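Thanks for making the time this morning. I would like to take you through two places in one structure, beginning with a pocket and ending with a single side chain.

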Amino acid sequence: MNVLGRLGIESPEDGACSGPGNWHAAAGAAVLESRNPANGELLATVRCAGSEDYARVMAVAREAALAWRTVPAPKRGEIVRQIGDALRQHKDALGSLVSLEVGKIKAEGDGEVQEMIDMADFAVGQSRMLYGLTLPSERPDHAMRELWHPLGVVAVMTAFNFPVAVWSWNAFLSAICGNATVWKPSPKSPLTAIAVQKICNGVLERNGAPPVFQLLVDGPENVLARRMVEDPAVDLLSFTGSSRVGRAVASGVAGRFGKYLLELSGNNAIIVDHDADPGLALPSIVFGAVGTAGQRCTTTRRLIVHRSREQELVSSLAAAYAQVKVGDPLEPSTLMGPLVDADAVRAFEATVAAAIAEGAELVCGGKRIEGAGHFVQPTILRARNDMACVQQETFAPILYVMPFDTLEEGIAMNNASRFGLSSALFTRDLRSAERWLSAAGSDCGIANVNIGTSGAEIGGAFGGEKETGGGREAGSDAWKAYMRRQTSTVFHGERPVLAQGLEFRLPG
Ligand code: UN1
């Protein structure tokens, strides 16, 4: 059976799901066509959700959240454990669908499903560790503690580039924390979301669990996404995407005093110092810049290289780039698939043209590859950090190379960006490495040594500073974002006293 068949995807599919067996779409709904970016072939169509679907999904989610919050957290974890197992069974098919729908190479499509499985395992463990604190009270016979409670309904908006993994970072933690989670996937990747929803439905149904995962495939005008931003029934809105859209999401949600969690743009740099091991640096740069065709938020976009190593590194990189096979993402020898759509190719071309107009020098690549798919050449340009093209995030395989003379200067260049997601230093010097990781070093949410900017494990908190949005998702204590904190003091004595030694007595 073909990949779509193995995942139960038909055409057309309804874009809204309020729980197992409960798929719907607006009458006369806009229809999304999901096409393979490698050859333009139609995979399937999806009938978008409309206003009534939104209301139905939100009502079901609210009710499910009320039931789910009383289920013990480890029992909630058991449901997520079974979803992880179901993902293991569907890893090959779902990984292939990621390749078909967004053009990631098969290894990366499978890797993305593995990231979901890892996230499920992590969340299962976390379900027994939603620890609060006990705090010393300043008053006798008082017990003070912190409690963590579910939020209610969490909305998760994801991007096409990690069409399923980023949902799992959010949804699995949200689920073990006791929330219902409504997913609005990217309109560029509705089928992977529908496939995952079906997998979750199967597990929920087998267990008779409340329908705590919902789906809303929004139309091209983003009407439902806007409604989610305004909707006080959305207790937390987790958004992954560009800083431009993230800014509007954040201010909209803040306007109603809602909670938000942002994972936005990056402009990630690798610094190669004079003493770097070339055997480590080179493959990390190629994976970081060319992997996922430059469409990760953690993609290496800037290469800041010690002047003494620049010539050697640029020629090794050009030689390595010449070996990168660009083509069918499902072909095992392919290292770079297509960009996601024609707009992405246009943005690539416009950025290369603007860079050259600003004085950047083309080392290799720079052109689209003619044909049915949205392919471009992996590209290297020598540039300056203050160029407008270098300071923006273009979701394409464009690497800017810039020299530096002292590590202080290299670190300052890394930090001279509006964004602050991921960063890496290649060095053999312990002092340089520690300086890089110190308060005076990288200002990013992720700072690595002798490891590239992309490909983070789920165990760490993922996210970045400045216009990357400040959110943290996946590992460490990211679960706290999906719960509300309550400080509770209990008096168990005979003579209550006020805090701060306050006297407040009625006369007589
Ligand atoms: C993203 O591009 O939105 O660290 C997330 C990485 C992946 C996640 C990227 N684990 O590259």
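Which element gives the most to the lining of the largest pocket? Before I answer, please keep in mind that what you see is a predicted model. The element is α9, which contributes six residues to that lining.

Let me stay with this pocket for a moment. The space inside the largest pocket comes to about 1,300 Å³, and among the 42 residues that line it, those closest to its centre are Phe239, Gly241, Ser242, Arg244 and Val245. If we ask which elements give two or more residues to the lining, they are α8 (223-230), β11 (236-240), α9 (243-255) and α12 (342-357). In terms of chemistry, the lining residues divide into 18 nonpolar, 12 polar and 12 charged.

Where does the pocket sit with respect to the domains? Domain 1, made up of 13-26, 38-264 and 469-486, and domain 2, covering 268-457, both supply lining residues, so the largest pocket lies between them.

Now to the side chain, which is glutamate 112, a residue of helix α5 (residues 106-126). Is glutamate 112 buried or exposed? Glutamate 112 counts as buried because its relative accessible area is 0%, where the cut-off for buried is under 20%. As for what its side chain reaches, the partner is the backbone nitrogen of alanine 165, at 2.9 Å. Setting aside neighbours within four places in sequence, glutamate 112 is in contact with Val98 and Lys104, and also with Asn161, Phe162, Pro163, Val164 and Ala165.

Technical notes: Residues are numbered from 1 along each chain as its sequence is written. This is a predicted model: local features need pLDDT of at least 70, side-chain atom pairs count only at pLDDT 80 or more; totals for chains, interfaces and linings use all residues. Side-chain values use heavy atoms; hydrogens and water are left out. Helices (H or I, at least four residues) and strands (E, at least two) are DSSP runs, numbered from the N terminus. Buried means under 20% relative accessible area, exposed over 50%, partly exposed in between (1.4 Å probe, protein chains only). A polar contact is a pair of N or O atoms within 3.5 Å; within protein, one must be able to donate a hydrogen and the other to accept it, and residues adjacent in sequence count only if both atoms are side-chain atoms. Contact means heavy atoms within 4.5 Å. On a 1 Å grid over the protein atoms alone, a cavity is a set of points where a 1.4 Å probe fits but cannot get out, and a pocket is an open set with protein on both sides within 12 Å along at least five of seven lines; lining residues have an atom within 4 Å of a point. Grid points are joined across faces, edges and corners, and a volume is the space filled by probe spheres set on the points. Ala, Val, Leu, Ile, Met, Phe, Trp, Tyr, Cys and Pro count as nonpolar, Asp, Glu, Lys and Arg as charged, and the others, Gly among them, as polar. Domain bounds come from an automatic or database domain assignment.
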